[in-house]
Amino acid sequence: FLINLRLILVSGKTKEFLFSPNDSAADIAKHVYDNWPMDWEEEQVSSPNILRLIYQGRFLHGNVTLGALKLPLGRTTVMHLVARETLPEPNSQGQRNREKTGESNCCVIL
């Protein structure tokens, strides 16, 4: 079974691609880079290494596979595709999650 990914750019343009559950975020970035859609020309990036996938508000690290995300097979899953040099540190995500559950022992400065 394949997973249909609808990728959305910051500009709002979308394109659908089919991937295997074994494909990782890095594989997807490379595939999209190698098969860059014609109508995305203005957003063309210089390297697949700066393409990042965002799923449910989280950056996917390069070695995460679609299968590990337990995406529904045969259905369309929407992800955002952004060009970004670096990913946020994993522990910064942990702090955000703690803030949501109220277990944080530090102050939030707004």
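**Entry 1. Ser47 and Asn35**

Which backbone atom lies 2.9 Å from a polar atom of the side chain of Ser47? I looked this up in the predicted model and found the backbone nitrogen of Asn49. I placed Ser47 in the loop between helix 1 and strand 3. Its relative accessible area is 17%, so I recorded Ser47 as buried.

I then turned to Asn35, which lies in the loop between helix 1 (25–34) and strand 3. I noted a relative accessible area of 39% for Asn35, which makes this residue partly exposed. The side chain of Asn35 reaches back to His31, where the backbone oxygen is at 2.7 Å. I also checked Asn35 against Phe17: the two residues are 18 apart along the chain, and their C-alpha atoms are separated by 9.8 Å.

**Entry 2. Sheet order**

I traced the sheet next. I found an open sheet of 5 strands in the order 2-1-5-3-4, with mixed pairing. Strand 2 (14–19) and strand 4 stand at the edges; each has a single partner strand, so one side of each lacks a neighbour in the sheet. I noted that helix 1 packs on this sheet and touches strand 1 (3–8), strand 2, strand 3 and strand 5. The direction of helix 1 makes about 125° with that of strand 2.

**Entry 3. Strand 3**

Is strand 3 largely enclosed or left open by the rest of the structure? I counted 5 of its 5 residues (51–55) as buried, so strand 3 is largely enclosed. I recalled that side chains in a regular strand alternate between the two faces of the sheet. I therefore examined the two faces of strand 3 separately, given that every one of its 5 residues is buried. Leu51, Leu53 and Tyr55 lie on one side, Arg52 and Ile54 on the other, and both faces are covered.

I listed the pairings of strand 3 as follows.

- Strand 3 runs antiparallel to strand 5 (residues 76–83), and 4 bridges join the two.
- Arg52 stands opposite Val82 in strand 5.
- Ile54 has His80 as its bridge partner in strand 5.
- Strand 3 also pairs with strand 4 (residues 58–59), in the antiparallel sense, over 2 bridges.
- Ile54 has Phe59 as its bridge partner in strand 4.

I noted that Ile54 thus has a bridge partner in strand 5 and another in strand 4. The hairpin of strand 3 and strand 4 has 2 residues between the strands, and Gln56 takes a positive phi near 50° there.

**Entry 4. Aromatic pairs**

How many aromatic pairs does a search of the whole structure find? I obtained 3. One of them is Phe17 with Phe19: the ring centres are 6.2 Å apart and the planes stand at 35°, so I classed the pair as tilted. Both partners are buried: Phe17 has a relative accessibility of 8%, and Phe19 has 4%.

I next examined Trp36 and Trp40, an aromatic pair with 5.3 Å from centre to centre. Their planes make 75°, and the arrangement is edge-to-face. Trp36 and Trp40 are both buried. I closed the entry by recording that Phe17, Phe19, Trp36 and Trp40 form one aromatic cluster.

Notes: Residues numbered from 1 in each chain as written. Predicted model: local features only at pLDDT ≥ 70, side-chain atom pairs only at ≥ 80, totals over all residues. Heavy atoms only, no water. Buried < 20%, exposed > 50% of the residue type's maximum accessible area, 1.4 Å probe, protein only. Pairing = 2+ DSSP bridges. Phe/Tyr/Trp six-rings, centres within 6.5 Å; stacked < 30°, edge-to-face > 60°. Polar contact = N/O pair within 3.5 Å; in protein donor to acceptor, adjacent residues only side chain to side chain. Contact = heavy atoms within 4.5 Å. Axes fitted to C-alpha atoms, helices over the stretch in contact; angles between N-to-C directions.
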